[in-house]
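Q: Please take a close look at a single part of this model, the site where the ligands are bound, and describe what surrounds them.

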Amino acid sequence: MNRSEALEIVKEQLTEHRYQHTIGVMETALVLAKQHGADEKKAELSAIFHDYAKFRPKEEMKQIIIQEKMPKELLVHNTELWHAPVGAYLVKKEVGITDPDILDAIKYHTSGRPGMTVLEKVIYLADYIEPGRHFPGVDEVRELAKEDLDSALIKALQNTILFIMKKNQPVYPDTFHTYNDLTTNRRHD
Ligand code: DGI
Ligand code: FE
Ligand code: FE
C-alpha cells in the first residue's frame, strides 16, 4: 500500500486536527527511522495508521477488548489507552495490513512495552514529538531523540507518568514496565 492510498483510508476515520497530527507523526517517524535504522516503509505505514481507532465509540472498543481477549487490565484504566490495541486489531481486519511489526508498533504506541523494537520506539516518540505537540518538556525529548532513542523514550515516559500521577490517575502497568525495562537495561550497557 502506498502513502496516498493509506492517507486516504485513514482520513475517513479522523478529524481534520487528528489527521494533521498523523501527517506530523508520519514525517517525524520517517526522520527518526532514517536516523536510527528502522524500516522506513514500515515506519510510514505504522505512523499513518497509529491513531486509526481514536474516534471509535467506547462501547465498540470495549467489546473488541473483551471478544479478542486483550488484557482485562485495559478496562479499568483510562479509555485513552484503548485505541492503540483496538487500532492494531481494526487495521488488520478492516484495512488488511498483516505485517506484525506494523501492527505491534500501532498496538504499543500509547503504553510502550518491555523489549520494544526500534520501529516501536520510533512510532512512540514520533507521536510524542511531532511538530504539532506543544507541552512542557517536549523540546528536551526532541533534542534527545536526535542522539539516542532510549534516552528520549525514558524522558517521555517520565513526563507521561508524572503527568498522570499529578492528575491522581492510575498508571497503566505497561507504561511503568517500559520505563523500568529501559532504565534497568541501561545499567548493564
Ligand atoms: O493518541 P494521541 O493523543 O496522539 O497520543 P497517545 O496515544 O500517546 O495517547 C495519550 C493519552 O493516553 C493521554 O491522554 C494520556 C493517556 N495515557 C498514556 N499512558 C497512560 C495514559 N493514561 C493512563 N491513565 N495511564 C497510562 O499509563
Ligand atoms: Fe494515539
Ligand atoms: Fe497520536
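A: A polar contact here is a pair of N or O atoms within 3.5 Å; within protein, one must be able to donate a hydrogen and the other to accept it, and residues adjacent in sequence count only if both atoms are side-chain atoms. By that criterion, a nitrogen atom of ligand 1 lies 3.1 Å from a polar backbone atom of Pro-170. The protein covers 85% of the 580 Å² of accessible area that ligand 1 has on its own (Shrake-Rupley method, 1.4 Å probe).

This is a predicted model, in which local features need pLDDT of at least 70 and side-chain atom pairs count only at pLDDT 80 or more, while totals for chains, interfaces and linings use all residues. Residues are numbered from 1 along each chain as its sequence is written, ligands are numbered from 1 in the order in which they are written, and side-chain values use heavy atoms, without hydrogens and water.

Oxygen atoms of ligand 1 also pair with side chains: one is 2.7 Å from an N or O atom of Thr-110, and one is 3.1 Å from an N or O atom of His-21. Around ligand 1 there are 18 residues, of which Arg-18, Lys-54, Thr-110, Arg-133 and Thr-175 come nearest (a residue is near if one of its heavy atoms lies within 4 Å). The shell has five nonpolar, seven polar and six charged residues.

His-21 is also a metal donor. With His-50 (NE2), Asp-51 (OD) and Asp-127 (OD), His-21 (NE2) coordinates the iron ion (ligand 3) at 2.2 to 2.3 Å. Donors are N, O and S atoms within 2.8 Å of the metal (3.2 Å for Na, K and Ca); water is not among the atoms, so sites may look incomplete. Along the sequence, the donor residues of ligand 3 are spaced H-x28-H-D-x75-D.

The other iron ion (ligand 2) has the protein donors Asp-51 (OD), His-83 (NE2) and His-109 (NE2), 2.1 Å from it. Their spacing along the chain is D-x31-H-x25-H. Asp-51 coordinates both iron ions, which are 3.5 Å apart.

Key. Nonpolar A, V, L, I, M, F, W, Y, C, P; charged D, E, K, R; others polar.
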